[in-house]
Amino acid sequence: MIRLGYACINTQLPSASRTCRLINASEENILSLARRNLGALKHILLWNRENGIGLFRISSETIPFGSHPVNRLPWRQLLKPELFELGRLIKKFNLRVSMHPGQFTVLNSIRETVVAASIAELEYHAGLLDAFSLGADHKIILHLGGAYGDKQNAIKRFVDNFKLLSPSVQKRLVVENDEKNFTAEDALTVAKALHIPMVLDVFHHRCNPSFQKLELVRILESIGPTWRLQDGPQKIHYSNQQKGKPAGSHSQTIDVGEFKRFYRHIRQLPLDIMLEVKNKEQSVLELYRRIPSLQIRF
């Protein structure tokens, strides 16, 4: 079965990623924003279920300044009722959520301060998913980071620093290829070395190709075994190039014709596909209209 999802924002509903400037990050503001974000997230997940969307990426800003020293709140205790209710809803409706730390989370950085901050950010992400009482199939997606002029040593640093992460992060972490530094082949090498899953970003793979002799469906099949039973179905990311923008820029909306051609090749694979497009749920709904076999009935 193929499932579709989108990332962080529903264009028709209030934001679940409200935050504030650091100068205004008082405990009162952080707690208020976090509570509003969790309430908005509940509305998004309920809307997703009503519209047959079982896959969603939760914003890293759900708890503002989640890993920053300014946030000293025991938010897991203070927000326990809201967190419990969201976790109950996700499990009841068999939804699957994930998180994707931003570009400043660089586990293989050559700077110790960046590595320390990256570890703290990953621990926050795992802490939020743990606070929902969700299993290891709800993942944290991470790029391999920078190449720093020496890709092999950069990969080695990632593998070494992975060992500094808590078991909670390690069981959720998934590596992803990028459009510039690390190819799908690089990411698969790391995934196999660490015995963790890999997400293939199809768009990034087209920008930064590898596995030159393999068709895309064969690449997906070669990545599939990195997803064990406890990891849930294999996930991939899909998007298109925005015309007139630099290579690697995600499109405003999905190219339905291009997706249909892609879908014909992979439709028999059990995949969760995260659409990384700017109009978010609108592209999912458009694909449902144009490809009825994709629609999910809960």
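This is a short tour of the core and the two main pockets of the structure above.

Before you start, note that the model is predicted: local features need pLDDT of at least 70 and side-chain atom pairs count only at pLDDT 80 or more, while totals for chains, interfaces and linings use all residues. Residues are numbered from 1 along each chain as its sequence is written, and side-chain values use heavy atoms, leaving out hydrogens and water.

**Stop one: the core.** Select F132, F259, I266 and I273, which touch the most other members of the largest nonpolar core, a set of 96 residues. Such a core joins buried Ala, Val, Leu, Ile, Met, Phe, Trp, Tyr and Cys residues through side-chain atoms within 4.5 Å, with buried meaning under 20% relative accessible area (1.4 Å probe, protein chains only). Now add helix α1, residues 27–50, which gives the most to this core with 10 residues; helices here are DSSP runs of H or I with at least four residues, and strands are E runs of at least two.

**Stop two: the largest pocket.** Move to H100, P101, G102, Q103 and H143, which lie nearest the centre of this pocket among its 29 lining residues. A pocket is an open set of points on a 1 Å grid over the protein atoms alone, where a 1.4 Å probe fits, with protein on both sides within 12 Å along at least five of seven lines; lining residues have an atom within 4 Å of a point. Show α4 (112–131) and β4 (140–143) too, since each supplies at least two lining residues.

**Stop three: the second largest pocket.** Finish with F65, G66, S67, H68 and E121, the closest to its centre of 15 lining residues.

Methods:
Buried means under 20% relative accessible area, exposed over 50%, partly exposed in between (1.4 Å probe, protein chains only).
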